[in-house]
Amino acid sequence: MGDSCFYSGEFMNGKKNGIGSYIWADNNKYEGEIKNNLFHGFGIYTYEDGRKYSGQWDKNHINGYGEMDWIEGNKYYGYYKNDKKDGFGIYYSAEGKYYIGFWKKGKQEGLGEYISNNKKKYGIWKNGKKEQKLSEHDFANALENNNKNYPFFHWDIYKIKCFLNIYNANPSF
């Protein structure tokens, strides 16, 4: 965020509070909820490089559920903590690869499913790297043993693309 900006929106007790928008000199933009001069609640941030984040904010930090779209077509829909992917999320690359699973501090962490060329690979990730390969059966058992029901893991490519709003005339699945 640059230093020079224009604010349009609500004020309360001399502070920016309510719904508002910022536009910076570098073309970054924020539209959404503001509390005590900070992004807080739901907001949409458009970066000068074309990325767009829509989701939850907490005291100027991306926290909670959000959706990040990159101009080249990459997408991440899931949870954030302190501006980094954290919790469950789905990442799609413009090359048609997917990661469906858990994240910590911006990197894959825990159970995950990787899809490339319509082939699924299951495993346990640590610090962004797959540490353990799992069979589909072992992966299903690991989910069950954690008492988790994550329907996304059982979706086919079509359902994932619908969820991520990826539509084109010649689908690659």
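Let's start at the turn between β2 and β3: these two strands make a hairpin with four residues between them, and Asn27 in that turn has a positive phi of about 80°. Keep in mind as you look around that this is a predicted model. Six bridges hold β2 (residues 15-24) and β3 (residues 29-35) together, and the two strands run antiparallel. If you want to trace the pairing by eye, find Ser21, whose bridge partner in β3 is Glu31. Further along, Gly18 stands opposite Ile34 in β3.

Now step back to the other side of β2. There β1 pairs with β2, again in the antiparallel sense, this time over seven bridges. A handy landmark here is a pair of tyrosines, with Tyr7 standing opposite Tyr22 in β2. The hairpin of β1 and β2 has two residues between the strands, and Asn13 takes a positive phi near 55° there.

So far we've been looking at one end of something bigger. Twelve strands, that is 12, form an open sheet that runs in order from β1 through β2, β3 and onward to β12, and the pairing is antiparallel. The edges of the sheet are β1 (5-12) and β12 (129-134), each of which pairs on one side only. On average, neighbouring strands of this sheet are turned by 15° against each other, direction ignored. As for what holds such an arrangement together, strands of a sheet pair through backbone hydrogen bonds, either parallel or antiparallel.

Moving on from β3, you come to Asn36, which lies in the loop between β3 and β4. Its phi is near 50°, a positive value in a residue other than glycine. Is Asn36 buried or exposed? Neither, quite: at 40% relative accessibility, Asn36 counts as partly exposed, because that label covers values between the 20% and 50% cut-offs.

Past that loop, β4 (residues 38-46) and β5 (residues 52-58) pair in the antiparallel sense over six bridges. Two glycines face each other here, as Gly43 has Gly55 in β5 for its bridge partner. The hairpin of β4 and β5 has five residues between the strands, and in its turn Gly50 has a positive phi of about 100°.

On its other side, β5 is joined by six bridges to β6 (residues 61-69), and these two also run antiparallel. Look for Lys52 standing opposite Asp69 in β6. The β5 and β6 hairpin has two residues between its strands, and Lys59 in the turn has a positive phi of about 50°.

Further down the chain, Asp83 sits in the loop between β7 (75-81) and β8 (84-92). Asp83 has a positive phi of about 75° although it is not a glycine. With 36% relative accessibility, Asp83 counts as partly exposed.

Last stop: Glu113, in strand β10 (residues 107-116). How much relative accessible area does Glu113 have? The answer is 0%, so Glu113 is buried, given that buried means under 20%. What does the side chain of Glu113 contact? A polar contact of 3.4 Å joins the side chain of Glu113 to that of Lys120.

Note on methods:
Residues numbered from 1 in each chain as written. Predicted model: local features only at pLDDT ≥ 70, side-chain atom pairs only at ≥ 80, totals over all residues. Heavy atoms only, no water. Pairing = 2+ DSSP bridges. Axes fitted to C-alpha atoms, helices over the stretch in contact; angles between N-to-C directions. Buried < 20%, exposed > 50% of the residue type's maximum accessible area, 1.4 Å probe, protein only. Polar contact = N/O pair within 3.5 Å; in protein donor to acceptor, adjacent residues only side chain to side chain.
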